[in-house]
Amino acid sequence: MDWLASRADIVVRFQGGHNAGHTLVVGNETYKLSLLPSGLVRGKLGIIGNGVVVDPVALLDEIARVTAQGLSVTPDTLRIAENAPLILPLHAALDRAREAARGDRRIGTTGRGIGPAYEDKVARRAIRACDLAEPETLSAKLDELLLHHNTLLAGLGADTFDKQALLDDLLALAPRLLPFLEPVWERLDEARRAGRRILFEGAQAVMLDVDHGTYPFVTSSNTVAATAASGAGVGPGAVGFVLGIAKAYSTRVGSGPFPTELHDATGTLLGDRGREFGTVTGRRRRCGWFDAALVRQAVKVGGVQGIALTKLDVLDGLPELSICTGYRIGGEVLRRLPAAPGAQAAAQPVYETVPGWSGSTRGARSWADLPAEAVKYVRRIEELVETPITLLSTSPERDDTILVRDPFEN
């Protein structure tokens, strides 16, 4: 992501909240971003679109943290859509109370209030960033919001919220947040007309999409590339090349189906080598073999035109590798993961085994630097997912990249 952001003029977040993020390693500094667009690390303009649900406290804390690391985050470098919905403390409280009530059937949310905030958005009772400029509007909207949420919280045995305390807190935050707000759709339209490079940055994987993912073990927003337009306020024609990012193996955080998950020493090795811990949650990610069937499905649903394959070096030295080509459910073999949760849970991977390689891929910057079997592995993935690998990353360093096609060309 850092490599892509370094080539853009503007980087836009268009969905999600502070429940996901990116870890960027630049020299000796490591930046952990949740809401802030990754381009800020490279001095590029960052935009938080209207499709993002924004926790103002979390955002201001993140700005303070990266500012202490030497980044400049001001209204000159960061703009926020004035119509972005806000996450309030009551959203997080409801999120946690619901997860606790689910018991063994919990979804595995981060408990940060993202789902309840999106619920309020579609129910037309959300507090939006622009409401902070209108105390009377804010007060009236809090009445409606608390009527709904305090009823739910009380029913779940959780503490309820006091309106005046919430109102006072939001009004205290307003002077710090309002300078960042604007109708970002206007800025993006002007930038597009001027030919500037705009990177729309997703926060979660396609299979966490609320419509197309492993429902109900999904996030609460649409994560597919088509959402970039509505989540930022641009027309669909403004979204050009769609680059999908996939690791050379599979990972997942939280609950939900994971057909290729490895519970053995190889799964542990992948997690250790790949440093597979969630940027936001700190949870260890579940690891498994590359799932070509799932990636192919994500490619077609997401309109992906090319894939950036990352962490190839994590597979160095493994004698054999397995690639999932489909799923066996009962007596049938499918090349897609079905929508029904029972069928998803029953899916057993169908594997193709390929040779590993003894040499190192770490730091490779050309195809000639890769062991022959590593090249064959990448080419086989291309065939199975029916999409070209346009970018290959071989270490956490930004320059350790093999570029096949520039995503920003034309």
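**Exercise 1. Trace the pairing of strand 13, starting from phenylalanine 290.**

Phenylalanine 290 stands opposite isoleucine 323, a residue of strand 13, where strands are DSSP runs of E with at least two residues and helices are runs of H or I with at least four, both numbered from the N terminus. The model is a predicted one, in which local features need pLDDT of at least 70 and side-chain atom pairs count only at pLDDT 80 or more, while totals for chains, interfaces and linings use all residues. Residues are numbered from 1 along each chain as its sequence is written, and side-chain values use heavy atoms, with hydrogens and water left out.

Step 1. Strand 11 (residues 290-291) pairs with strand 13 in the parallel sense over two bridges; pairing requires that DSSP finds at least two bridges between two strands.

Step 2. Isoleucine 323 also stands opposite glutamate 352 in strand 15, and strand 15 (residues 348-355) runs antiparallel to strand 13 over eight bridges.

Step 3. Strand 14 (residues 332-334) is paired with strand 13 in the antiparallel sense over three bridges, with leucine 334 as the bridge partner of tyrosine 327. These two strands form a hairpin with two residues between them, and glycine 330 in the turn has a positive phi of about 65°.

**Exercise 2. Explain why strand 13 is described as largely enclosed.**

Seven of the 10 residues of strand 13 are buried, so the strand is largely enclosed by the rest of the structure. Buried means under 20% relative accessible area, exposed means over 50%, and partly exposed lies in between, with a 1.4 Å probe and protein chains only.

**Exercise 3. Locate the backbone features in the loops and state the exposure where it is given.**

Step 1. Arginine 275, which is not a glycine, has a positive phi near 50° and sits in the loop between helix 9 (265-273) and strand 10 (286-288). Its relative accessibility is 64%, and arginine 275 therefore counts as exposed.

Step 2. Lysine 311, likewise not a glycine, has a positive phi of about 60° and belongs to the loop between strand 12 (306-310) and strand 13 (320-329). Because its relative accessibility is 24%, lysine 311 counts as partly exposed.

Step 3. Tyrosine 215 and proline 216 are joined by a cis peptide bond with omega of about 10°, and proline 216 lies in the loop between strand 7 (198-201) and helix 8 (227-232).
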